[in-house]
Structure formats: C-alpha cells, structure tokens
Amino acid sequence: MDATQDDFGPPRDEREVAAVIDILMHSYAMTPEDCEGWKKRQDLGNLRLLREKGQVGATLGLLRMGQWYGGRSVPVIGVGGVGVHPLHRGQGTATRLMRHLLREVRAEGAPLSILYPATQPLYRRVGYELAGGRYEIRVPVSSLGTDERGLRLRAIEAADEAAITACYTRVARHRQGWLDRGAFSWTRVRNPRTETVHGFLVEGDAGVEGYVYLARRPQKDLKYELGVTDVVATTPVAARRLLRFLGDHHSLGTEAVWFGGVDEPLLWLLREQDYSVKLYMHWMARVLDVAAALEARGWPPDAAGVLHLEVEDDLFPENQGRFVLEVASGAARVTRGGEGRMRLHVRQLASLYTGFASADALRAMGLLQADDASVQVAQRLLHGPTPSMRDMF
Ligand SMILES: CC(C)(COP(=O)(O)OP(=O)(O)OC[C@H]1O[C@@H](n2cnc3c(N)ncnc32)[C@H](O)[C@@H]1OP(=O)(O)O)[C@@H](O)C(=O)NCCC(=O)NCCS
C-alpha cells in the first residue's frame, strides 16, 4: 500500500536531515566528514524522503536540468542518492519512494526523468529503461601529443565562465543525451568534492575555441593520473592544441582519464589505438508524459513520418493507450487515438526515444510489437547517434 502524500516530501527539520545523513552513511559508505561536505553543498529543498510509521525510511535527491535530443534541450529530472535504511529494505520502500517522486514531477510538467541505476529491477518496476551509456576513456599521456602549439592557451578565470558554458553548449547540443548542465553539474566539473581542479582554455580571434578541466591524482613515485573532468573543442585546431597540452604532462602523468561516448571524437586524432573505452554504466530514462516528451525533443529536419503507438504504463493512466506521432520539419505533434500499430511498454518507449535501441532490435528481442512499415518509420525517425553522457550525478 502506498503511503499518504503527507509521508513524502522534503525534510521538515534538522532531525529529518540528520536521519537522511544516517541513511546515506549506511547506503553509500560515507564518512561523517563526507556527510558534512554533502550537507554544505546540498540544496535541501531538492531532497525527498519517505516517512514510515513516523520514521524516515528512505531518501533521494532530485536535480532539475536539461538533456539534448535532436538539438533541443528537453527538461529532465535527474534522480540520485536513492537510499533506504537497511532496517527498512526489502519491503517495497524504495519502490514507493520512487512512485511518489514520479507523481510529483509529472504533476509539475516534467516530460522525462533519468538516473544511473545501482540496481535495475527497482527502476524498471516504476517505468525506467536503459537509455544511454557513460564510458570511461583512458589514454596513455605519452600518446596524446600533436604538433599543435599555435593557439593561445591560458588558465580559466571566473570571468570566462559564461564563454566556457557557451563553448560546451555548442558541442553538447549535437551530442544525443548530453546534459544541458545546471549549477550542480558545473560544480562537479570545476570544483568536485574530493580533488583540486585546474581549468585551461584555448582561444583564437573569435574567442574561446575549447577548454579542459583537470585534476592531478597522485600515484606512486611522484607519478599522477590526469583526471579530466571536462574537455571540449569546437575547432580542429583547438582539439589538437588541447591534446598537445595534455600530452605535455607526459614526464610524470601516466594516463589521462575522462568520460563520454564510445564515439569520442578526440580519439580519432591519435596516432595509435593504445587507449581503452570501457562502459562505466548505462543510464536509464523514464518517459513521464508521452506527448510532452515526444514534442519537446528535436527531430531530424529532413525526416517525416507518422507512427501509431499503443503505450502501456501501469503508473500513469494518462500515458496509457493510443497516440499518433506526426513528425515533419524537425518537430513532432502528438494526438490521442489512431490505430496502435506499434505496441510497447513505456519503458521501451524510453529506449526508443533516446535512440539507445532501434525499433527493429527491440522487436527482435520481443520487447515491442509492430508491423514492418511502422518499424521502418521508427528507424528513420528515432534511430540516431548512440546517446551518451559525460556527467555523473
Ligand atoms: C537499492 C535500495 C534503494 C532498494 O531499497 P528497498 O526498499 O529494499 O527496495 P524495494 O523493497 O522497493 O525493492 C527491493 C526488493 O524487495 C522486494 N520487495 C518489494 N516489496 C516487498 C515486500 N512487500 N515484501 C518483500 N519483498 C519486497 C522487491 O521485489 C525487490 O526485489 P528486486 O529488486 O530484486 O526485484 C536499497 O537496497 C539501498 O538503499 N541500497 C544502497 C544504496 C543504493 O544502492 N541505492 C541505489 C542507487 S541507484
């Protein structure tokens, strides 16, 4: 049975914040010092907790941000820090907590939610499905050199932040699934909790063309790993200059590590394939509002088509049933009704929506039923570049 609405919400007082901290210590092996730092940075208004018989049993944090699909920023609710007190586990508490959250954010009008799952069945139960990948990219620092030293390179200052954000956005908007970052994500790039980061930019006559933020992570014998929290280039010369800059750490730097997609373009400039690209985790998405989500994203400007969907959603009756999706000139219109020629659960709609899975492959796995013509339309409209994400939250 679901708890009443009164049992779910942000913390009411310091005692409840302390209960959240207790859950986080049990759930994420956090030390009291970690928790102090967390409390200073956390916007307590973005915490949600579930009270059971007067006790705080579970907590999560929500993040309002955007995510790029088809060149448009779709508002998303990121979910992180989900934790249930060990004494409350295995009784459906996390499932109830997630259901409450999803109802709240859908009522606010959010079309989509995303998260990194430590376990999948819990999130599948409430309608999330695999939707994209975060990959760890590792390159020996000695392999990063190019001949490019021409472009001006300097340390990033506070006054550069707007230009840096604009530079990131020029690239991110064309990377399916990348975040339209808010303050939280930028803090994790520039000022993460546990390490010191330095930022450098390259600029030409027209302004900032690229940048890198990096931490030196000490290893044995003065050696260190280059932890790149973000690297972006908007011109070929900037890309080569940034690689040269990272390569200039080769006397003591061992490997450079950053995150992104399997299709990381900087790797294409390297001489040899002595790097590794390894799946860190697949992230999951939940379509909260079928019509709003489909209309919010961008679509291929040169593709047009009509899809007759029949969606199953056990949590939101508003999403249940038939929809007609019409795509033309880079935009979508969704109306109720139609013939329901493509039948799928709202979970599979999430995989399809982000471009993670093609309609053809979903059908082959028995995860979607459709006629050939509908599959072909979906392939044209929805099977884009593989979605990825650089950021963790
Ligand atoms: C993961 C975590 C949040 C799950 O919390 P929980 O309250 O035990 O989750 P639920 O009870 O809703 O579901 C857990 C299991 O209990 C089962 N369950 C649900 N209701 C039940 C009930 N009434 N009686 C018995 N079992 C039940 C579910 O089937 C589920 O099993 P499955 O996930 O293997 O399918 C919790 O273990 C935790 O805090 N872990 C540490 C932090 C963490 O990993 N967080 C997730 C980060 S993404």
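In this predicted model, the ligand sits among 16 surrounding residues, and the closest of them are Arg 89, Gly 92, Ala 94, Thr 95 and Pro 121. Sorted by class, that shell comes out as 7 nonpolar, 8 polar and 1 charged residues. Three elements, β4 (72–84), α3 (93–108) and α4 (120–125), each put at least two residues into the shell.

Away from the ligand, a couple of backbone angles catch the eye. Most residues other than glycine have a negative phi. Lys 53 is not a glycine, yet its phi is positive, at about 50°. This lysine belongs to the loop that links β2 (47–52) with β3 (55–69). Lys 53 has just 8 other C-beta atoms within 10 Å, so it counts as exposed, the limit for that label being 12 or fewer.

Asp 221 tells a similar story: here phi is about 55°, again positive and again not at a glycine. Its spot is the loop between β10 (207–218) and β11 (224–233). With 6 other C-beta atoms inside the 10 Å radius, Asp 221 is exposed because it too falls under the cut-off.

As for the protein as a whole, 11 helices and 18 strands make up its secondary structure. The C-alpha atoms fit in a box of roughly 60 × 55 × 35 Å along the principal axes. A compact globule of 393 residues would have a radius of gyration near 21 Å, so the 22 Å found for the protein agrees with that expectation. Buried residues account for 38% of the 393. Of the contacts between residues at least 6 apart in sequence, 74% bring together residues at least 24 apart.

Key
Residues numbered from 1 in each chain as written. Predicted model: local features only at pLDDT ≥ 70, side-chain atom pairs only at ≥ 80, totals over all residues. Near = placed C-beta within 6 Å. Helix = DSSP H or I, 4+ residues; strand = E, 2+ residues; numbered from the N terminus. Nonpolar A, V, L, I, M, F, W, Y, C, P; charged D, E, K, R; others polar. Buried ≥ 20, exposed ≤ 12 C-beta atoms within 10 Å, placed from the backbone. Rg over C-alpha atoms; globule rule 2.2 N^0.38 Å. Contact = placed C-beta atoms within 7 Å.
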